[in-house]
Amino acid sequence: AYQSLGQVERAIDLHQQSLKIKREIGDRQGEALSLGNMGDSFASLQRYPEAIEHLEAAISRFEVLQIAHRTPYYLDRLAAVQSHLKQYDSAIEAYQKAIAIRLDRDEKKAAAKTMQLLQQLLNASGRVQEGWAIGQQAGQLLIESGAAIDDWMIPQWQKKIAHFAKRGTGQFLLCFLLGLLAFPFFVVWFVALLLFRLLRRPFLR
């Protein structure tokens, strides 16, 4: 509650008190939750090394306790923090673990959302082809899960177009015709972006 009100330091103090109590009474799941909440709070303050330390500790405890439904959330949070520090390989691994757990639990919609985050990370790190492939998988899962348009991690303007197209046949045909006209320009833009990312790789090493 304190964190949602912007009082993050106060929230950390309360989580520390909670962690101490949970350890004293032997509540291992509660201990893991307190560690995870502290990791979230440290991330909010951009205290990334401390965030990673606490998130990894929480994940480790959830894995030992075999509490699978808790682990993916903190893996997503860990990956986000690692991305800020440009620890891309570690972040990609964390996202992949979260996706595997969610797919094993048949949580298609949640898995797709993590895949979309992974796609953004892969694109940012220059691995565009892998990003495109994982994005396709995410789209398929969102379709299978019956996800709403707002659940898709696409620009807001694309969501508005999709909502407009759903209003009726006339609106759909209009969007379709405009899409046909815009397609050649999109191809040129995509190829240019792909070439730019491929050509800049040698200079980033």
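The following exchange goes through some helices and a surface patch of a predicted model.

Trainee: Why is Leu174 called partly exposed?
Mentor: Its relative accessible area is 42%. Buried means under 20% and exposed means over 50%, so Leu174, at 42%, is partly exposed.

Trainee: What makes Leu174 eligible for a nonpolar surface patch?
Mentor: Patch residues need over 30% relative accessible area, and Leu174 has 42%. Leu174 makes the patch with Leu178 and Leu181, and the area is about 310 Å². Leu174 itself is found in helix 9, residues 169–204.

Trainee: Why is the span of helix 2 called close to the expected one?
Mentor: Helix 2 has 17 residues and reaches 25 Å from its first C-alpha to its last, against 24 Å expected at 1.5 Å a residue.

Trainee: Why is helix 2 called mostly covered?
Mentor: Of its 17 residues, 12 are buried. Among them are Gly30, Leu35, Met38 and Phe42. Buried means under 20% relative accessible area.

Trainee: Which helices do the buried residues of helix 2 pack against?
Mentor: They pack against helix 1, helix 3 and helix 4. From the other side, the buried residues of helix 3 pack against helix 2 and helix 4. Those of helix 3 include Tyr48, His54 and Phe62.

Trainee: What makes the pair Asp27 and Gln29 a polar contact?
Mentor: At the start of helix 2, a side-chain oxygen of Asp27 comes within 3.4 Å of the backbone nitrogen of Gln29. The cut-off for such N or O pairs is 3.5 Å, so the pair meets it.

Trainee: What follows helix 2 and helix 3?
Mentor: Helix 2 is followed by Gln46, with a positive phi near 60 degrees. Just after helix 3, Gln66 has a positive phi of about 55 degrees.

How values were computed. Residues numbered from 1 in each chain as written. Predicted model: local features only at pLDDT ≥ 70, side-chain atom pairs only at ≥ 80, totals over all residues. Heavy atoms only, no water. Patch = residues over 30% accessible without salt bridge, like charges linked within 9 Å, V, L, I, M, F, W, Y side chains within 5 Å. Areas by Shrake-Rupley, 256 points an atom, 1.4 Å probe, with all protein chains shown as cover. Salt bridge = Lys/Arg side-chain N within 4 Å of Asp/Glu carboxyl O. Helix = DSSP H or I, 4+ residues; strand = E, 2+ residues; numbered from the N terminus. Buried < 20%, exposed > 50% of the residue type's maximum accessible area, 1.4 Å probe, protein only. Expected span 1.5 Å × (residues − 1). Contact = heavy atoms within 4.5 Å. Polar contact = N/O pair within 3.5 Å; in protein donor to acceptor, adjacent residues only side chain to side chain.
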